[in-house]
Amino acid sequence: MCGIVGYIGNNDTKEVLLDGLEKLEYRGYDSAGIATLNADGLHLSKVKGRIATLREKVNNSVQSTMGIGHTRWATHGAPSEENAHPHQSASGRFTIVHNGVIENFYEIRDEVLSGISLKSETDTEIVVQLIEVLNNKYNNVAEAFRQTIALLKGSYAIALIDAQDQDTIYVAKNKSPLLVGLGDGFNLVASDAMATLKQTDRYLEIHDKEIVIVNRDYVEIQKLDGIAVEREPFTAEIDATDIEKGTYPHFMLKEIDEQPPVIRRIIQEYQDENDNIKLDPEVRQALLNTDRVYIIAAGTSYHAGLVGKQLIEKLANVPVEVHIASEFSYNMPLISEKPLFVFISQSGETADSRSVLVRIKELGHPALTITNVPGSTLSREANYTLHLHAGPEIAVASTKAYTAQIAVLAILAVDTAQAKGMNLSFDPLQELGIAASVMESLTDQKEEFEQLAKEYFQETRNAFYIGRGMDYFVVQEASLKLKEISYIQAEGFAGGELKHGTIALIEEGTPVIALSTQENVNYSIRGNVQEVAARGAKTCVISIKGLDQETDAFVLPHVHELLTPLVSVVPMQLLAYYAALHRECDVDKPRNLAKSVTVE
Ligand code: F6R
């Protein structure tokens, strides 16, 4: 959460910073600011609100060739101009942007900075004040920066500038992402390569607790003890057009439409020349070696994990537990003798998942990360990675990553079954191809879902989704999508569980969306629909061909029963999208949220 951009070069920096911050708004968008430095001194602009508001405030007549910028998702202190970054030291000499959470914020404030009156409520300000205090002691900025980094506990990505030095940006990170972008006569700093793709596609990774000195013409990486580090740059393989909306009104709609091509790309990437599954042999062996898979994830990725459990257990006969990352960290269950931990994460940066990864690595357990960002923290730190190949997902509400995760999990499940010598009648690559075509036919019928969204969600304050088996997992995702972007209070329930309490909430006109794609529970879920209808609910059944009834609101074309989530989620995503649109919500940037959740 929070996005950082820094530039040092020979051109004016404002536009690079503002454009970069716009690309990073997915990481947080409650306040923003930039600081630029030139011979006249430091120029600071901060606003509560979005980058568009910041743009209006920035003084266009100020020219500068270095600066840092920040877009914020509040942790310490409400979104406000005072709490917006960059923050400055008491004298105004040092200016900093920070992403993450400083855990020993109170200790530093009370023990080292007691004489300094702080201007904001943020944990960030203590970092910049500490740098000034230590610089007063050592009279050496690099040393003060190093000593500060050594003292900090928690997560951080930091860029610092000194008003007395127009040639250096000081950079460091721990747990939070930060990259250095390399150019000819300029260098950059960014939370994500997406921010600076217009300038470069060459990047240097920074490792935790390294100190990086970024100059116009060189970048110097040092360990905390001062030892220099040599590192080869890498090329970011992101197509700049992937991060533009094109003709779409919202990234979310674009990303819903991208799902069929993403599934086809996954088929290609995981298929060898004989049309068999192609998978890293080490991943295959890890699955063969394990007696139990522990899936760890958050939010939408957790929902994909629930589907993954069914796929791996049903197809490969390997027991699977699925855990919410933030719960697992503090309530570790008994672990089997030969566990394999599977981290599912679109961003690969989710702090809750990373804290589990750190813990299980200490215990010596192997880890596989399934992610859309192969160079991400969770990917680097796990033993193995499977790539989702979904292309950048920009809308805060995850759509194409969810279906990509399910597709990769299906491939993994079948590969494990085949490696175990099991004879399956299920050809995952062929079945995924069929699912992709069905998804495409659904994205072509947007008006139908727009109509349903109007009918069911226009006026309501709340909504229920019900399903059983696989459908129960999908309705949990459906309700998350609806609530996060339309702010309608929505829950996804197991159909049979309603009568044990929740049915008390059903009133005249309460929308209840039921999903029925599983043969073994088709009659039971329809029974549950009758129960709520009898109590006044406004019901809407989405079923699948072969299980459909005349009164169903929509019938999905047939796909393999194990892959129904890939197709049944598409109407759910579109219903949420249109509900939010009709309520005039900010679809791509819902309130209080951020895309990459890098705080615990
Ligand atoms: C919801 C959504 C979130 C993420 C969750 C985990 O639409 O996007 O629930 O799924 O924050 O993020 P990743 O997958 O990046 O670990």
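This short talk covers the ligand site, one sheet and two backbone details of a predicted model.

First, the ground rules. Because this is a predicted model, local features need pLDDT of at least 70 and side-chain atom pairs count only at pLDDT 80 or more, while totals for chains, interfaces and linings use all residues. Numbering starts from 1 along each chain as its sequence is written, and side-chain values use heavy atoms, leaving out hydrogens and water.

Now the ligand. It has 15 residues around it, counting a residue if one of its heavy atoms lies within 4 Å. Ser301, Ser345, Ser347, Thr350 and Glu484 are the closest. By class, the shell holds 5 nonpolar, 8 polar and 2 charged residues. Here Ala, Val, Leu, Ile, Met, Phe, Trp, Tyr, Cys and Pro count as nonpolar, Asp, Glu, Lys and Arg as charged, and the others, Gly among them, as polar.

Which atoms sit opposite the ligand oxygens? At Glu484, a side-chain N or O atom is 2.5 Å from a ligand oxygen. At Lys481, a polar side-chain atom is 2.9 Å from one. At Thr300, a polar backbone atom is at 3.1 Å.

How much of the ligand is covered? The protein covers 90% of the 400 Å² of accessible area that the ligand has on its own, by Shrake-Rupley with a 1.4 Å probe. Two elements, α9 (299-316) and α16 (470-486), each give two or more residues to the shell. Helices are DSSP runs of H or I, at least four residues, and strands are runs of E, at least two, numbered from the N terminus.

Next, the sheet. It is open, with 7 strands in the order β5-β6-β7-β8-β12-β13-β14, paired antiparallel. Pairing takes at least two DSSP bridges between strands. At the edges, β5 (87-88) and β14 (228-229) each pair on one side only. Inside, β7 (residues 154-162) and β8 (residues 165-174) share 5 bridges, antiparallel. Leu160 has Tyr170 in β8 as its bridge partner.

Last, the backbone. The His85 to Pro86 peptide bond is cis, omega near -5°. Pro86 is in the loop between β4 (66-72) and β5. Lys209 is not a glycine, yet its phi is positive, about 65°. Lys209 lies in the loop between β11 (202-205) and β12 (211-214).

Notes
Polar contact = N/O pair within 3.5 Å; in protein donor to acceptor, adjacent residues only side chain to side chain.
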